[in-house]
Amino acid sequence: MKALVYDGIEQLGYRDVPDPDPAKDEHLIRVEAVGICGSDMHAYLGHDARRPAPLILGHEAAGTVVGGPKDGMRVTVNPLVTCMTCPACKAGRENLCATRQIISMPPREGAFAQYIAMPEANLVAVPADVPLEKAALAEPLAVSWHAARLALEALHPSMDKSALVLGGGAIGLAAALALNAMGFDDVTITEPNDARRAYLSEHCGQNAVAQAQGSYSVVIDAVGYEATRASASELALPGGVIAHVGLGEDTGGLDIRRMTLQEITFIGTYTYTAQDFRDTAQAIFEGRLGSLDWIEARPLADGFQAFRELRAGVVASPKIILDPWA
């Protein structure tokens with residue numbers, strides 16, 4: 001099969017690789033849409049030791065089951081593989097499983113390829129009227145759904161439902177859409193890139209600004225840099241909630257004194273539970289997260305160029321979806 005392989009810092013090769021060999025509890029999936037994630041970009045830049053070269057990246061996938069009793073079933077893929085037997089899994093917190101694996105990290109190759117193998121429990125059936133390009137958004141949308149859900153659960157009922165999202169990439173936009181679906185009418189996205197900010201305003205109907213003013217009950221940091229954490233610390237209302245989902249930098253930025261004196265809750269959020277993923281997929285199928293027409297489709301063979309353009313900051317759309325068969 002053809003795959004896009006991470007070969008080293010800012011190097012990707014499009015070439016033939018062995019087909020996956022599904023285990024007895026797994027299905028072979030023909031990948032028909034796979035998104036480029038910020039974590040793929042971190043790996044591409046050499047910033048993620050968990051993803052050593054050579055490796056097939058990509059974990060935002062949708063496609064069709066090949067062979068077996070479910071042959072032809074259209075699916076979106078939960079890339080997080082967990083044991084389902086530990087206390088975290090039994091409590092419905094699979095994302096905290098001590099032995100969790102995710103495709104695009106060893107030992108599991110990713111979905112920038114024509115085929116992947118996945119357990120049946122990780123597959124969600126996609127209705128015939130939902131394009132697989134949109135179904136592939138279930139993964140990044142689930143990340144944001146999980147963050148928004150945890151923030152809302154932590155928010156005191158006396159607080160108003162105003163929210164600030166730091167970062168207008170796919171995770172930031174998805175966070176705004178999830179907050180809207182959960183009853184937040186006042187949501188602002190900060191995005192420094194002029195082209196992307198204009199895209200968010202003109203094509204996604206979002207209140208996108210270069211720099212936020214005021215204070216907010218919920219702040220979601222979808223970037224995760226020292227500067228964005230500093231902004232989150234400053235802009236959260238007393239008694240508010242900061243949900244941190246970005247993985248840009250490891251340290252710095254939090255104003256611990258203000259967070260302590262103003263009882264601001266800080267939540268680290270990672271991926272999603274299996275229920276979050278299913279709930280997000282259903283919200284997509286029902287249209288509760290909007291039209292989701294803010295994707296840009298390209299052939300997998302052109303993936304290296306897509307990464308270069310994302311690195312250069314010249315891509316306006318929040319999400320590039322790659323087609324391994326184009």
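The following dialogue examines how several structural terms apply to this predicted model.

Mentor: This is a predicted model, in which local features need pLDDT of at least 70, side-chain atom pairs count only at pLDDT 80 or more, and totals for chains, interfaces and linings use all residues. Residues are numbered from 1 along each chain as its sequence is written, and side-chain values use heavy atoms, with hydrogens and water left out.

Trainee: What makes E94 a residue without a salt bridge?

Mentor: A salt bridge requires a side-chain nitrogen of Lys or Arg within 4 Å of a carboxyl oxygen of Asp or Glu. For E94, the nearest side chain of opposite charge is R278, at 5.7 Å, where Lys and Arg count as positive, Asp and Glu as negative, and His and the chain ends are not counted. The criterion is therefore not met. E94 is nevertheless buried, that is, under 20% relative accessible area with a 1.4 Å probe and protein chains only (exposed is over 50%, partly exposed in between).

Trainee: Where does E94 lie, and which residues does E94 touch?

Mentor: E94 is in the loop between α2 (87-90) and β8 (101-102). Its contacts (heavy atoms within 4.5 Å) include L80, M84 and T273, not counting residues up to four places away in sequence. The E94 side chain also reaches the backbone nitrogen of A274 at 3.1 Å.

Trainee: How do you know that β14 pairs with β11 and with β15?

Mentor: Strands (E, at least two residues) and helices (H or I, at least four) are DSSP runs, numbered from the N terminus, and two strands pair if DSSP finds at least two bridges between them. Four bridges join β11 to β14, and five join β14 to β15, so both cases satisfy the definition. Both pairs run parallel. Bridge partners include A163 with V218 of β14, and V219 with I242 of β15.

Trainee: Why is the unit of β14, α7 and β15 called right-handed?

Mentor: The term applies because, with the strands pointing away from the viewer, the path from the first strand over the helix to the second runs clockwise. β14, α7 and β15 make such a right-handed β-α-β unit. The buried residues of α7, among them T228 and L235, pack against β11, β14, β15 and α8.

Trainee: Why do β2 and β4 count as edge strands?

Mentor: The open sheet has the order β2-β1-β4, with antiparallel pairing. β2 (11-16) and β4 (55-56) each have a single partner strand, so one side of each is left without a neighbour in the sheet. Six bridges join β1 to β2.

Technical notes: A polar contact is a pair of N or O atoms within 3.5 Å; within protein, one must be able to donate a hydrogen and the other to accept it, and residues adjacent in sequence count only if both atoms are side-chain atoms.
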